[in-house]
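Welcome, and please open the model in your viewer with a cartoon and side chains ready to switch on. We will go from stop to stop, selecting a few residues each time.

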Amino acid sequence: MSHNLFSEIFSRVADPDAVFMRTAEGRIITYREAFALSARYANVMRDTGVAIGDRVAAQVEKSPEAII
């Protein structure tokens, strides 16, 4: 097992263009899109000083982006 959930999920996805999430409104997000958004969030946090092992809490509206 890897050291983080992202690596664990990423290593098991055979088709990055498969549906990761479908919303009640019909919006479809692929694994590729979810991974890209996750990477952007990670880069922003790293660039603002968050380091591996730091804990981050956020209060956000319910949304696909919040899950990612």
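What pLDDT does the protein average, and what percentage of the residues score at least 70? This is a predicted model, so a good opening move is to colour it by pLDDT. The average is 89, and 96% of the residues score at least 70. Among the elements, β2 has the highest mean pLDDT, at 96, and α1 the lowest, at 81. A word of caution for any prediction: where pLDDT is low, the coordinates should not be read in detail.

**Stop 1: helix α2**

Select residues 31–47, which make up helix α2. Put a distance label between the C-alpha atoms at the two ends: they are 24 Å apart, which agrees with the 24 Å that 17 residues should span at 1.5 Å a residue.

Now show side chains on this helix. Which residues of α2 are buried? They are Ala 34, Phe 35, Leu 37 and Ser 38. Look down the helix axis and you will see them on the same side of α2, because they cover an arc of only 165 degrees around the axis. Turn to the other side of α2, where Arg 40, Val 44 and Asp 47 are exposed.

What covers the buried residues of α2? The cover includes α1, β1, β2 and α3, so switch those elements on while you look at the buried side. Before leaving, step just past the end of α2 to Gly 49, which takes a positive phi of about 105 degrees.

**Stop 2: the aromatic cluster**

Keep Phe 35 selected and add Phe 10, Phe 20 and Tyr 31: these four residues form one aromatic cluster. The structure has three aromatic pairs, and we will visit two of these.

Begin with Phe 10 and Phe 35, whose rings sit edge-to-face, with 4.8 Å centre to centre and 65 degrees between the planes. This pair links distant parts of the chain, since Phe 10 is in helix α1 and Phe 35 in helix α2, 25 residues apart. Is each ring's residue buried or exposed, or in between? Phe 35 counts as buried, at 12% relative accessibility, whereas Phe 10 counts as partly exposed, at 47%.

Next, look at Tyr 31 and Phe 35. Their ring centres are 6.0 Å apart and their planes meet at 45 degrees, so the pair is tilted. Both residues lie in helix α2, four residues apart, which is about one turn of the helix. Tyr 31 is partly exposed, with a relative accessible area of 22%.

**Stop 3: Met 21**

Select Met 21, which is found in strand β1. Met 21 is buried, with a relative accessible area of 15%. Which residues does Met 21 touch, not counting residues up to four places away in sequence? They are Arg 27, Ile 28, Ile 29, Pro 64 and Ile 67. For a link back to the helix, label the C-alpha atoms of Met 21 and Ala 34: they are separated by 8.8 Å, and the two residues are 13 apart along the chain.

**Stop 4: the salt bridges**

Side chains of opposite charge can pair when their charged atoms come close. How many salt bridges does the structure hold? There are four, and three are on our route.

- Select Arg 32 and Asp 17, whose side chains meet in a salt bridge at 2.8 Å, N to O. The pair links distant parts of the chain: Arg 32 belongs to helix α2, while Asp 17 is in the loop between α1 and β1, 15 residues apart. Arg 32 counts as partly exposed at 45% relative accessibility, and Asp 17 counts as partly exposed at 46%.
- Select Glu 65 and Arg 27, a salt bridge with its closest N and O atoms 2.8 Å apart. Glu 65 lies in helix α3 and Arg 27 in the loop between β1 and β2, so this pair ties together parts that are 38 residues apart in sequence. Glu 65 is partly exposed at 25% relative accessibility, and Arg 27 is partly exposed at 41%. You have met Arg 27 already, as one of the residues that Met 21 touches.
- Select Arg 46 and Asp 47, where the closest N and O atoms of the salt bridge are 3.1 Å apart. Asp 47 counts as exposed, at 57% relative accessibility.

Note on methods:
Residues numbered from 1 in each chain as written. Predicted model: local features only at pLDDT ≥ 70, side-chain atom pairs only at ≥ 80, totals over all residues. Heavy atoms only, no water. Buried < 20%, exposed > 50% of the residue type's maximum accessible area, 1.4 Å probe, protein only. pLDDT = per-residue confidence, 0-100. Expected span 1.5 Å × (residues − 1). Arc of directions from axis to C-beta. Contact = heavy atoms within 4.5 Å. Phe/Tyr/Trp six-rings, centres within 6.5 Å; stacked < 30°, edge-to-face > 60°.
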